[in-house]
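Reader: I would like a close look at one part of this protein, the nonpolar core and what surrounds it, with the cut-off stated for each term. Please set that part in the context of the whole chain.

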Amino acid sequence: MLDRLKSQIEKLISAYEMERDRNSTLEAQAVRDREEIIALKAQIIELNKQIDSLKLTAAFSGNSTQDTGARQKVEQLIREIDKCIALMEE
């Protein structure tokens, strides 16, 4: 009976250590994800500034065909970044 109790305690300790290690790994991943979210948000802000700059340039130049292609590309990048952020926040 004592051997069985000792065996169960050893299993419990082993399970605890595995969960502790798993928790540490998940915490580290969460930190990396938060850092990536911050970087992506900064990139969104920069891309929005570029869109505003392109809009202003187009307003003064009158050439909207070149601006439309650039704006579409920037907007596509923003959508991709938004999707990445949404996936990481889940």
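Author: What follows goes from the whole chain to the core, and then outwards to the surface.

This is a predicted model, in which local features need pLDDT of at least 70 and side-chain atom pairs count only at pLDDT 80 or more, while totals for chains, interfaces and linings use all residues. Residues are numbered from 1 along each chain as its sequence is written, and side-chain values use heavy atoms, with hydrogens and water left out.

The protein has two helices and zero strands, where helices (H or I, at least four residues) and strands (E, at least two) are DSSP runs numbered from the N terminus. Taken along the principal axes, the C-alpha atoms fill a box of roughly 90 × 15 × 10 Å. The radius of gyration is 25 Å, whereas a compact globule of 90 residues would have a value near 12 Å; this radius is taken over C-alpha atoms, and the globule rule is 2.2 Å times the number of residues to the power 0.38. Of the contacts with a separation of 6 or more, 73% are between residues 24 or more positions apart, a contact being heavy atoms within 4.5 Å.

Buried residues make up 13% of the 90 residues, where buried means under 20% relative accessible area, exposed means over 50%, and partly exposed lies in between (1.4 Å probe, protein chains only). The largest nonpolar core has ten residues, namely Ile37, Leu40, Ile44, Leu47, Ile51, Val74, Ile78, Ile81, Ile85 and Met88. The elements that give two or more residues to this core are H1 and helix H2 (64-88). A core of this kind is a set of buried Ala, Val, Leu, Ile, Met, Phe, Trp, Tyr and Cys residues joined through side-chain atoms within 4.5 Å.

Within this core, Ile78 has its place in helix H2 and counts as buried because its relative accessibility is 11%. Apart from residues up to four places away in sequence, Ile78 touches Leu47, Asn48 and Ile51. Ile44, with its neighbours within four places likewise set aside, is in contact with Ile81, Asp82 and Ile85.

Other pairs can be followed by their C-alpha atoms. Ala86, in helix H2, is 49 residues from Ile37 in sequence and 9.4 Å from Ile37 in space, C-alpha to C-alpha; Ala86 is partly exposed because its relative accessible area is 39%. Gln50, which lies in helix H1, is partly exposed because its relative accessible area is 34%, and the C-alpha atoms of Gln50 and Arg71, 21 residues apart along the chain, are separated by 8.8 Å. Ile78 and Glu10, by contrast, are 68 residues apart in sequence and 52 Å apart in space, C-alpha to C-alpha.

Turning to the surface, the accessible area of the protein comes to about 7500 Å², of which 57% belongs to carbon and sulfur atoms; such areas come from the Shrake-Rupley method with a 1.4 Å probe, and for residues only the protein chains shown count as cover. Leu2, Leu5, Ile9 and Ile13 make a nonpolar surface patch of about 400 Å². Patches are made of residues with over 30% relative accessible area and no salt bridge, like charges being joined within 9 Å and nonpolar side chains (Val, Leu, Ile, Met, Phe, Trp, Tyr) within 5 Å. Ile13 is found in helix H1 (residues 2-61) and is partly exposed because its relative accessible area is 44%.

A search of the whole structure finds one salt bridge, meaning a side-chain nitrogen of Lys or Arg within 4 Å of a carboxyl oxygen of Asp or Glu. The side chains of Arg22 and Glu19 form this bridge (3.7 Å, N to O), and both residues lie in helix H1, three residues apart, about one turn of the helix. Glu19 counts as partly exposed because its relative accessibility is 45%.
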